[in-house]
Amino acid sequence: MVPAELVIARHGEAACNVAGIVGGEHGCTGLTNLGRDQVAQLAARLADEHSHRPYTAYYATPRLRVMQTAEIITEALQLSATIEPELRGPDHGDADGQPWVDVKTAFQGPPQHAPNRPYAHGSETWNQYLNRATTALQKILARHDGERILIAAHGETVEAAHTLLLGLPQNACLRLGFVTDHASLNRWQRPTNRFGRTIWQLVTHNDTRHLGTPQ
């Protein structure tokens with residue numbers, strides 16, 4: 001039996017990443033040229049996979065850098081993305097568009113270090129973000145039970161998926177030190193054993209084998 005599969009592709013390098021700017025709705029100005037090259041290579045790999053075993057569902061988040069990533073993937077796969085607002089990255093409040101170094105200095109660390117406290121006026125706490133993102137992922141998985149799902153999203157989305165599918169505590173990703181590079185693939189599968197039991201398994205994390213010389 002072919003297992004259910006969830007693949008999350010992180011967006012390519014964005015201008016806000018290079019500048020160290022908090023990339024919310026205002027701070028995100030889209031992909032860099034390098035980011036577009038990274039996503040083109042990512043899309044070619046996904047298109048090859050899609051030709052052998054098609055993705056039956058494709059989602060993306062509404063931030064500009066992810067929307068641009070999703071458009072490149074759509075062109076390669078000829079598969080339109082459904083935009084899922086609840087999978088957007090954290091809501092940054094007044095930190096949106098500010099230098100991360102200033103935000104982290106004022107907060108004395110990244111949002112995960114004090115996960116129940118807002119890191120800026122109007123921001124979500126880290127755990128509020130995780131609750132929102134994991135709930136959205138649960139709904140997508142239930143909607144496409146047993147299918148092959150592709151999501152273009154954020155590094156934080158990968159952390160949310162780890163938390164949900166591996167049954168981790170909410171602060172585990174910070175302690176374990178997961179790194180999620182731009183345009184990486186992160187893959188989970190849910191096989192069924194001979195006793196009829198299923199469990200989500202992390203197959204690959206931060207897979208960037210498709211990234212070579214910029215095109």
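## A walk through the pockets and helix contacts

Start with helix H6, which gives the largest pocket three residues of its lining, the largest share. H6 covers residues 155-165. Keep in mind as you click around that this is a predicted model.

**Stop 1: the largest pocket.** Select Arg10, Trp100, Gln112, Glu156 and Glu159; of the 30 residues lining the pocket, these lie nearest its centre. The volume here is about 690 Å³. Which helices should you colour to see where the wall comes from? Pick H1 (15-19), H4 (100-107), H6 and H7 (172-176), each of which supplies at least two lining residues. If you colour the lining by class, you'll get 13 nonpolar, eleven polar and six charged residues.

**Stop 2: H6 against H5.** Keep H6 on screen and add helix H5, residues 126-143. The two axes come within 9 Å and cross at roughly 70 degrees. Are H5 and H6 parallel or perpendicular to each other? An angle from 65 to 115 degrees counts as roughly perpendicular, so that is what H5 and H6 are. For the contact itself, show Trp126, Tyr129, Leu130, Ala133, Thr134, Leu137, Gln138 and Leu141 on the H5 side. On the H6 side, show Glu156, Thr157, Glu159, Ala160, Ala161, Thr163, Leu164 and Leu165. You've already met Glu156 and Glu159 among the residues nearest the centre of the largest pocket. By class, the contact between H5 and H6 has ten nonpolar, four polar and two charged residues.

**Stop 3: the largest cavity.** Leu141, from the H5 side of that contact, also helps line the largest cavity. Select Ala4, Leu141, His144, Asp145, Gly146, Glu147, Ile149, Arg190 and Trp200 to see the whole lining. About 40 Å³ of space lies inside. Four of the lining residues are nonpolar, two are polar and three are charged. How many cavities of 30 Å³ or more does the model have? The count comes to two.

**Stop 4: Arg190.** Stay with one residue of that cavity lining, Arg190. Arg190 sits in strand E5, residues 185-190. Leaving aside residues up to four places away in sequence, Arg190 touches Pro3, Ala4, Asp145, Gly146, Thr198, Ile199 and Trp200. Ala4, Asp145, Gly146 and Trp200 line the largest cavity along with Arg190. Now put a distance line from the C-alpha of Arg190 to that of His26: they are 37 Å apart in space, and 164 residues apart in sequence.

**Stop 5: H2 and H3.** For the last stop, select helix H2 (residues 33-52) and helix H3 (residues 64-77), which pack at an angle of about 40 degrees with their axes 8 Å apart. That angle makes H2 oblique to H3. Their crossing is right-handed. From H2, bring up Arg36, Val39, Ala40, Leu42, Ala43, Leu46, Ala47 and His50; from H3, their partners are Gln68, Thr69, Ile72, Ile73, Ala76 and Leu77. Coloured by class, the contact shows ten nonpolar, three polar and one charged.

Notes: Residues are numbered from 1 along each chain as its sequence is written. This is a predicted model: local features need pLDDT of at least 70, side-chain atom pairs count only at pLDDT 80 or more; totals for chains, interfaces and linings use all residues. Side-chain values use heavy atoms; hydrogens and water are left out. On a 1 Å grid over the protein atoms alone, a cavity is a set of points where a 1.4 Å probe fits but cannot get out, and a pocket is an open set with protein on both sides within 12 Å along at least five of seven lines; lining residues have an atom within 4 Å of a point. Grid points are joined across faces, edges and corners, and a volume is the space filled by probe spheres set on the points. Helices (H or I, at least four residues) and strands (E, at least two) are DSSP runs, numbered from the N terminus. Ala, Val, Leu, Ile, Met, Phe, Trp, Tyr, Cys and Pro count as nonpolar, Asp, Glu, Lys and Arg as charged, and the others, Gly among them, as polar. Axes are lines fitted to C-alpha atoms, for helices over the stretch in contact, and angles run from 0 to 180 degrees between N-to-C directions. Angles under 35 degrees count as roughly parallel, over 145 as roughly antiparallel, 65 to 115 as roughly perpendicular and the rest as oblique. A crossing is left-handed if the near helix is turned anticlockwise from the far one by less than a right angle, and right-handed if clockwise. Contact means heavy atoms within 4.5 Å.
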